[in-house]
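Please look at the sequence and structure below. Then read on for a short report on side-chain contacts.

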Amino acid sequence: MIALVALLLLAAPADESKYPAPLREFLSAKNKDGSPVLSENDRKTLAAFPDHTRNLLGAAADSVILGSAAHLKILLSLELAPAAMEIVAQDNCILCHSDPGNQKAKHLFSTDPAARHANPLLNLKEFVSDVHFRRGLSCSGCHGGKPSDEMMTKDIAARWPAEEVRHSDRSWIPGFCAKCHEDAAFMRGFNPTLPTDQFAKYKGSQHGILLLQQKDSRAAQCVSCHGLHGIRNAKSRQSTVHVQRIPDTCGSCHSDPKHMEGYKLADGKPLPTTQVAQYKASVHGKALLEKGDLGAPACTGCHGSHAAMPPAVASVAQICRRCHAQNGMLFDGSRHKTAFEQHKWPECETCHGKHGITKPTDALVGNTPGTLCHDCHSQYAEGNQQCDATAASFRTALDALVAGRADIEAPVERFAERGLDVEPLSRTISELDEALVQTQSKVHTFDLSSFQAAAQPGNEAVVKGRELIAQTRREAGFRSRGLLAAIGFMALIAAGIALKLREIGKRRIT
């Protein structure tokens, strides 16, 4: 688009008399009301193309594959760069199926399918943005035939199952896409870094098992996630598999109760359809979708993409550790590790949840009803007094650090407004914040001595901060007293000067 605009700005007035004869005829074509079919902007777009591009369009018009001025207007409205327009001009499949005068709505490539009541899968604007088209792979790459063919050939129909079959049984799609995508030698010519094991992974995934082994065509396959004629690179924000669009892409099936009806969890319960809504309200969902943190996990971050499976209990913690490695290592050395393995509990999920994970707070820790520690210990470690004692110590220490931070931060703004140096206090607050994070993390050790060792720098920062506050207040008091003394001294001087002036005035009078 930018390149085309630049060409338009730099293009000298074109000599339309040198255009191929069919194009010159299109320039003079009129609508029923007498207005020209090709607008001034259309003519400028055409003029911006190199001679070679116009000659290719002229050749297409001469063969009547480019059927009319109105057809040309549609192609010009795509605002394609010359290289892309040359692909279109030499592809008889695109030219024939984008001609509204030659195709029924069902088979028409339209720039606005909704307005023309055409096939929504045949959006021409989407197609010319497709990653395959941009790499030179057009209709014939999937449908067969050759772009230069002026008529459809028999091999096109042979490539696909019959229409009534291919729409009811979707199991042919993964293998069809894999003809190219699992061929390493072929894919190397387009993108050497693109994996070629997607189909192998898919066959072992939950979706693949349902589709390929159980012939359940409701299961997701390539087209379900990537789309059809408007496939884009996953890094594009318009791609259906861009990380920020993955929740909605997965949710198009997994949030639809009707589509998911009959699917069950391993325990026989119905598969829920609330996961995406829970995810969007979670700390991960807000980070990705609201804050724009592209490193935050979406559905595929935990479940996988082509090899998507429900994470097993043993693998949940390994997934979490990809980001939360430190907490995982701390948990590995704790007593809870053994208990979790004995009960076959998923490590992180048991305390933090799954799709609806919220930001952890100190309120989770404690020995009172409603806290995670107490509620679990009262059920599984009722006779172990050390459990509640440790949890109570954790909470007391955390509350002390939080309260200390609040006490230190409270007067900072007021001190700054009075012109006092608050830099030492600000540094202390930063030290306390870091210590608080480390202390909260050490909860995962479930070990009091390790926790207290982590809390010690925070306690020292609180003491230091309170000493700085007292010191700053003394300085403020000293300044106040000094200011009052200075004001008093200046008042005395002023009074003395006033008396002296009065005395001098009396002398002049006498």
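What follows covers a helix, then rings, then charges. The model is predicted.

**An enclosed helix**

Start with helix α6, residues 82-89. Of its 8 residues, 6 are buried, so the rest of the structure largely encloses this helix. The buried ones are Pro-82, Ala-84, Met-85, Glu-86, Val-88 and Ala-89.

**Aromatic rings**

Now turn to the rings. The count is 11 aromatic pairs. In one of them, the centres of Trp-160 and Trp-172 are 5.2 Å apart and the planes stand at 70°, so this pair is edge-to-face. Trp-160 sits in the loop between α12 (154-159) and α13 (163-166), while Trp-172 belongs to helix α14 (residues 172-181), so the pair ties together parts 12 residues apart in sequence. Trp-160 is partly exposed, at 21% relative accessible area.

Phe-340 and Trp-345 also pair edge-to-face, with 5.2 Å from centre to centre and 90° between the planes. Phe-340 is buried, at 5% relative accessibility. Trp-345 is buried too, with a relative accessible area of 18%. Both belong to a cluster linked by ring pairs, together with Phe-331, Tyr-380 and Phe-446.

**Charges over rings**

Rings can also meet charges here. Lys-203 lies over the face of Phe-199, 4.7 Å from the ring centre. The charged end of Arg-414 sits over the ring of Phe-415, at 5.9 Å from its centre.

**Salt bridges**

The count of salt bridges is 20. The table lists three of them.

| Positive partner | Negative partner | N to O distance |
|---|---|---|
| Arg-218 | Asp-216 | 3.7 Å |
| Lys-280 | Asp-248 | 2.7 Å |
| Arg-395 | Asp-399 | 3.2 Å |

Are the partners in the Arg-218 and Asp-216 bridge buried or partly exposed? Arg-218 is partly exposed, at 34% relative accessible area. Asp-216 is buried, at 15%.

Next comes Lys-280 with Asp-248. Lys-280 lies in helix α21 (residues 275-281) and Asp-248 in helix α19 (residues 246-254), so their bridge ties together parts 32 residues apart in sequence. Lys-280 is partly exposed, at 34% relative accessibility. Asp-248 is partly exposed as well, at 48%.

Arg-395 and Asp-399 both lie in helix α29 (residues 385-409). They are 4 residues apart, about one turn of the helix. Arg-395 is partly exposed, at 26% relative accessibility. Asp-399 is also partly exposed, at 35%.

Some salt bridges share partners. Arg-321, Asp-332, Lys-337, Glu-341 and Glu-347 are joined in this way into one network.

Definitions and conventions. Residues numbered from 1 in each chain as written. Predicted model: local features only at pLDDT ≥ 70, side-chain atom pairs only at ≥ 80, totals over all residues. Heavy atoms only, no water. Buried < 20%, exposed > 50% of the residue type's maximum accessible area, 1.4 Å probe, protein only. Helix = DSSP H or I, 4+ residues; strand = E, 2+ residues; numbered from the N terminus. Phe/Tyr/Trp six-rings, centres within 6.5 Å; stacked < 30°, edge-to-face > 60°. Lys NZ or Arg CZ within 6 Å of the ring centre and 35° of its normal. Salt bridge = Lys/Arg side-chain N within 4 Å of Asp/Glu carboxyl O.
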